[in-house]
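Here's a quick walk through the strands, sheets and core of this model. Have the viewer open as you read.

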Amino acid sequence: MKVMMCCAGLRNLLQGLTFSAKYYSKHNPAQRVCPYSEIGPKKCHILGCSKSTCTHRTAPAGSILPRRFFSCKEGTKVSSKRKQNTSIVTSDLLHKNLLKSEQKNWNNISPTYKAMTKRIKEKLEELHNMYTLNSRSPRMRFGENVYFEEDGCIFLAKADDGEGNAKILFTVEDLGFSDAFIQRIRISPDQRYMAISLKSENSEEATCIVMKLGNLPVVEKVIPSAFSFEWAANDVLYYTTQKNLKCQNVFMTTFTYQKHTKLVYTEQDARFFVDLYCTKDRRFLTINSNSKTTSEVWLVDCRHPFESPALVQARTTGVIYHIEHRKDQLYILTTYGEPAEYKLMKAPIGSSGKENWQLVYALEKKTKLVDFEMFSDDCIMFLKNAAHLYLNVISFVSYSVQSIKLPTWACEFELESHPEHTTSTCYFQLSSPVHPPKCFAYSFKENNLIEQAVQEVPIITNCHTTRLLAKSKDETLVPITVFHNKNSKELHRRPLLVHVYGAYGIDLNMSFKEEKLMLIEEGWILAYCHVRGGGEQGLSWHRDGCQQNKLKGLHDLRACIMLLHQLGFSQPKRTALAAASAGGVLAGALCNTDPALIRAMVLQAPFVDVLNTMMKTHLPLTIEEQEEWGNPLEDEKCMKYIKSYCPYQNIKPQRYPSVFITAYENDERVTLPGILQYVQKLRKAALDHANRTSKKGNWIPNIILDVQANGSHCDSSWEHSLNEVARHLAFLNRELEEVCHPQHHSKSCK
């Protein structure tokens with residue numbers, strides 16, 4: 001699974017679109033009422049179950065949002081068109097009946113959580129007003145001008161004049177998109193044009209609006225289904241279009257003289273996904289065509305934007321690379337060479353083949369390159385090692401490398417844009433699940449890190465951060481990040497909420513969330529398990545947890561939870577597990593293999609039927625995701641391996657934990673029929689077990705499905721997500737409360 005108001009370095013090219021069940025929060029973090037408009041405040045989303053989020057820092061091709069679609073019911077064989085039509089009708093009818101049944105079930109059970117949901121919502125809104133509304137949205141600096149977006153208003157301020165005198169350029173509602181949010185902003189080099197993408201919470205596709213700035217900004221062009229876009233020159237815009245969750249075409253459009261649009265590049269291989277990025281010095285626009293393991297870059301010279309793109313290096317199986325530029329040299333972030341981790345290399349523009357790549361800097365083992373920013377005489381690498389964040393400054397003048405360990409509480413960072421590569425300062429924000437974003441700057445001249453006192457926010461002093469290493473089945477050490485209240489006594493009696501993802505080389509989302517802080521204040525322990533399959537310890541960490549290594553992620557998760565309990569962090573009957581999207585694979589698998597380790601589980605749009613999905617190549621993302629899960633159609637060994645861990649395939653009669661699943665009717669990545677059938681099968685297995693054992697006081701889990709008519713895999717409004725998170729927490733509180741008051745628990749599987 002991954003949007004930005006700014007061009008935030010090459011992080012967009014280093015990992016897939018990070019799944020954050022809702023990336024709206026990350027990219028519209030601080031919303032205030034627009035003082036120049038009568039528009040009421042539209043609160044941003046700040047709640048989520050898992051960063052990329054979905055962070056839409058334009059990903060490598062093929063690394064689009066981790067998802068999953070559901071396919072036909074297992075065992076269905078279609079031998080003729082007539083049978084196929086009958087099967088489709090039968091499947092649709094089954095889907096409608098199951099949906100109707102689940103909606104009725106939810107309507108019956110939801111009043112049980114009403115009072116607690118209300119209390120949690122009130123607390124979260126209070127925390128939102130205290131923390132999020134005091135933080136600010138990212139700034140874009142162009143010389144003396146500063147651009148920023150708040151509450152759907154685009155502002156322009158002078159850098160030396162203070163933002164109190166900022167003027168509004170236009171609003172989202174002015175454009176007729178009152179229900180959409182701004183996903184990305186790009187400003188032309190001469191600042192005459194601004195391109196923005198607008199997206200609603202119920203659609204995967206965005207609309208690009210090109211505005212001509214001035215005293216009265218006007219709409220110059222509307223581009224439907226746009227994904228990424230960059231200015232190659234003052235009046236030349238390159239953009240990609242999205243269809244069926246794929247981007248394979250690049251177009252160029254002009255806005256002065258002879259206005260025209262033409263196709264400049266098409267990717268034919270279904271495994272590859274295309275996006276755009278401008279080098280920091282704006283010398284080149286790069287067309288990046290990437291699968292999950294291989295990439296290829298074409299350069300557009302921004303001094304000659306109408307010339308055909310030039311290939312840097314033809315794609316080579318297993319080699320990923322991305323391009324920056326400085327002083328007539330290409331700087332290449334690549335996995336070329338051994339070990340197959342990221343390295344910084346360089347080559348002359350005229351001789352860019354990999355045989356001419358020269359090593360500049362190589363990362364240490366088990367180190368994740370999180371982001372990279374190029375400047376005129378230096379570059380900055382943001383690194384992660386054993387869950388700690390570091391900042392490495394590489395000087396191209398002194399040929400030195402300075403490594404700075406960032407504050408121990410920091411888990412996430414966000415670069416602020418400064419399009420001028422000659423700047424002497426790099427600005428960024430640090431945060432954690434329980435620490436609101438703080439602004440920092442690194443000064444190249446002063447050679448030091450500066451904490452910026454930009455806004456007044458309450459200081460978090462009573463939360464302790466602990467980093468652990470769990471020994472997995474094969475002796476591999478797996479990082480865990482734990483948060484708990486310093487004043488908590490008898491931690492083994494405290495409730496524990498464990499988070500896991502473990503897919504696509506994507507890190508767990510550990511940005512600030514109000515609900516996490518609320519849980520800490522109420523005595524909960526939060527644990528983030530950085531299992532293999534994710535990207536927390538570099539590309540090898542991902543490779544060790546994908547395809548024929550997926551079970552390693554499950555072993556890692558089991559080891560993490562067992563270590564937490566052994567060290568006195570809660571106990572199984574007070575432990576809950578949270579996962580979203582592809583994280584549902586490991587969470588669902590653990591429920592099948594080790595249900596006694598947890599008491600309850602919340603899943604958000606979970607991918608729970610890997611086998612059937614990966615056997616349906618007509619689905620938009622299946623072919624490109626064979627590099628993550630394997631190809632069961634052509635490899636019988638792969639089919640058996642997937643079947644060995646697939647959550648849906650391995651449900652059996654046993655004592656399961658209680659489960660709360662949220663799904664979305666409009667979700668194009670994890671479609672509803674698969675989740676409906678998973679819930680039915682899980683509920684039946686739990687009841688079968690209860691009927692067979694029939695012990696006195698036998699505990700039967702609640703298996704609940706909440707189907708949302710609005711929302712999708714990635715986006716949600718503040719109000720929608722607030723209700724969703726409040727329901728999740730009300731469910732968990734009630735389930736874990738039953739440990740102390742079992743007489744209140746229902747005797748029937750709901």
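## Ground rules

Two strands count as paired if DSSP finds at least two bridges between them. Helices (H or I, at least four residues) and strands (E, at least two) are DSSP runs, numbered from the N terminus.

This is a predicted model, where local features need pLDDT of at least 70 and side-chain atom pairs count only at pLDDT 80 or more, while totals for chains, interfaces and linings use all residues. Residues are numbered from 1 along each chain as its sequence is written, and side-chain values use heavy atoms, with hydrogens and water left out.

## The hairpin around β3

Start with the hairpin of β2 and β3: 2 residues sit between the strands, and Asp-151 takes a positive phi near 55 degrees there. β2 (residues 145-150) and β3 run antiparallel, joined by 6 bridges. Phe-148 has Phe-155 of β3 as its bridge partner.

On to β4 (residues 167-171), which is joined to β3 by 4 bridges, again antiparallel. Here Phe-155 stands opposite Ile-168. How many of the residues in β3 are buried? For β3 (residues 153-158), 5 of 6 are buried, meaning under 20% relative accessible area (1.4 Å probe, protein chains only).

## Two open sheets

One open sheet has 7 strands in the order β5-β6-β7-β8-β9-β10-β11, with antiparallel pairing. Its edges are β5 (181-187) and β11 (261-266); each has a single partner strand, so one side of each lacks a neighbour in the sheet. From one strand to the next, the twist averages 45 degrees, using lines fitted to C-alpha atoms as axes and angles from 0 to 180 degrees between N-to-C directions. Inside this sheet, β8 (residues 218-233) and β9 (residues 236-243) pair antiparallel over 5 bridges, and Trp-231 is partnered with Leu-237 in β9.

The other open sheet has 4 strands, ordered β24-β25-β26-β27 and paired antiparallel. β24 (412-415) and β27 (448-452) are at the edges with a single partner strand each, so one side of each is left without a neighbour in the sheet. Here the twist averages 30 degrees from one strand to the next. β25 (residues 425-432) and β26 (residues 435-443) share 7 bridges, and Cys-426 has Tyr-442 of β26 as its bridge partner.

## The nonpolar core

A nonpolar core is a set of buried Ala, Val, Leu, Ile, Met, Phe, Trp, Tyr and Cys residues joined through side-chain atoms within 4.5 Å. The largest one has 106 residues, and Ile-480 and Leu-557 touch the most other members. Helix α13 (residues 718-737) gives the largest share of this core, 9 residues.

Not counting residues up to four places away in sequence, Leu-557 touches Val-498, Val-500, Cys-529, Val-531, Leu-577, Leu-586 and Leu-590, with contact meaning heavy atoms within 4.5 Å.

Methods. Buried means under 20% relative accessible area, exposed over 50%, partly exposed in between (1.4 Å probe, protein chains only).
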